Amino acid sequence: KQTPAFDYGTAIPEQRLHEVRSCPLVEWAEPMFMGWLFLQRPDGRRANIELVGLGDACVGGPWRMAEGSVESIHEPKALIVEELFQEQLGIDGVGDEIEIAGKRAVVRAISRDVRTLTAAPFCFCSLAEARRYDVR
């Protein structure tokens, strides 16, 4: 909650997560995905997003919700979008279907007060879905 920004970090290999967890003074460590991807709106237009993939504990996810829960990312193809950017993303509400990197996603929740310093809105999903969307 107190992290000021994480959208311009460099990739940390997953092996590092296991190394950190083995340190005696480390209480916990969770994986996270951060990437810039294109979302295809229902009307066919594309929008750039900052996709955040969360681990099982949802660490790094939105802490205020307008509708639904952060845990909804564990549902198949689930996505959380920020209410401030719904119009920009062409999303009317929960249940809307869009595509990320050519793969189907379903809006399962709407976050509130997740701001960005860039023009690209944050969207959240599970770590597994983020890896599925990542085409690098």
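A residue is called buried here when its relative accessible area is under 20%, exposed when it is over 50%, and partly exposed in between, using a 1.4 Å probe and protein chains only. The model is a predicted one, so local features need a pLDDT of at least 70 and side-chain atom pairs count only at pLDDT 80 or more, while totals for chains, interfaces and linings use all residues. Residues are numbered from 1 along each chain as its sequence is written, and side-chain values use heavy atoms, with hydrogens and water left out.

R41 makes a handy starting point. With a relative accessible area of 11%, R41 counts as buried. R41 belongs to the loop between strand 1 and strand 2; helices (H or I, at least four residues) and strands (E, at least two) are DSSP runs, numbered from the N terminus. Contact means heavy atoms within 4.5 Å. Leaving aside neighbours within four places in sequence, R41 is in contact with E87, Q88, L89, G90 and I98. With E87 there is also a link to the backbone, as the side chain of R41 reaches the backbone oxygen of E87 at 3.3 Å. That fits the cut-off for a polar contact, which is a pair of N or O atoms within 3.5 Å; within protein, one must be able to donate a hydrogen and the other to accept it, and residues adjacent in sequence count only if both atoms are side-chain atoms.

Next come the strands on either side of that loop. Two strands pair if DSSP finds at least two bridges between them. Strand 1 (residues 32-40) and strand 2 run antiparallel and are joined by nine bridges, with G35 standing opposite L51. The two strands form a hairpin with five residues between them, and G44 in the turn has a positive phi of about 95°. Strand 2 (residues 46-54) is largely enclosed by the rest of the structure, because seven of its nine residues are buried. A charge also turns up over a ring here: the charged end of R46 sits over the ring of F38, 4.1 Å from its centre. For this, NZ of Lys or CZ of Arg must be within 6 Å of the ring centre and within 35 degrees of the ring normal.

Strand 2 has another partner in strand 7, and these two run parallel, joined by five bridges. L51 comes up again, since its bridge partner in strand 7 is C123. C123 counts as buried, at 0% relative accessibility. C125 is buried too, with a relative accessible area of 0%. What about disulfides, and how many does the structure hold? There are zero, a disulfide being a pair of cysteine sulfur atoms within 2.5 Å. C123 is in no disulfide, and the nearest cysteine sulfur, that of C125, is 8.7 Å away.

S126 is also part of strand 7 (residues 122-126). S126 counts as buried, at 11% relative accessibility. Setting aside residues up to four places away in sequence, S126 touches G53, L54 and I73. The side chain of S126 also reaches the backbone nitrogen of E129, at 3.1 Å.

Strand 1 pairs with strand 5 as well, through two bridges in an antiparallel arrangement. In strand 5, I100 is the bridge partner of L39. In a regular strand the side chains alternate between the two faces of the sheet. Which residues form the covered and uncovered faces of strand 5 (residues 97-100)? I98 and I100 make up the covered face, while E97 and E99 make up the uncovered one. Strand 5 then pairs with strand 6 (residues 103-111) in the antiparallel sense over four bridges, and the bridge partner of E99 in strand 6 is R104. These two strands form a hairpin with two residues between them, where A101 in the turn has a positive phi of about 50°.

Finally, some backbone angles in the loops. Most residues other than glycine have a negative phi, and most peptide bonds are trans. C58 is not a glycine, yet its phi is positive, near 65°. C58 sits in the loop between strand 2 and strand 3 (65-67) and is buried, with a relative accessible area of 10%. D113 is not a glycine either and has a positive phi of about 70°. D113 lies in the loop between strand 6 and strand 7, and at 32% relative accessibility D113 counts as partly exposed.
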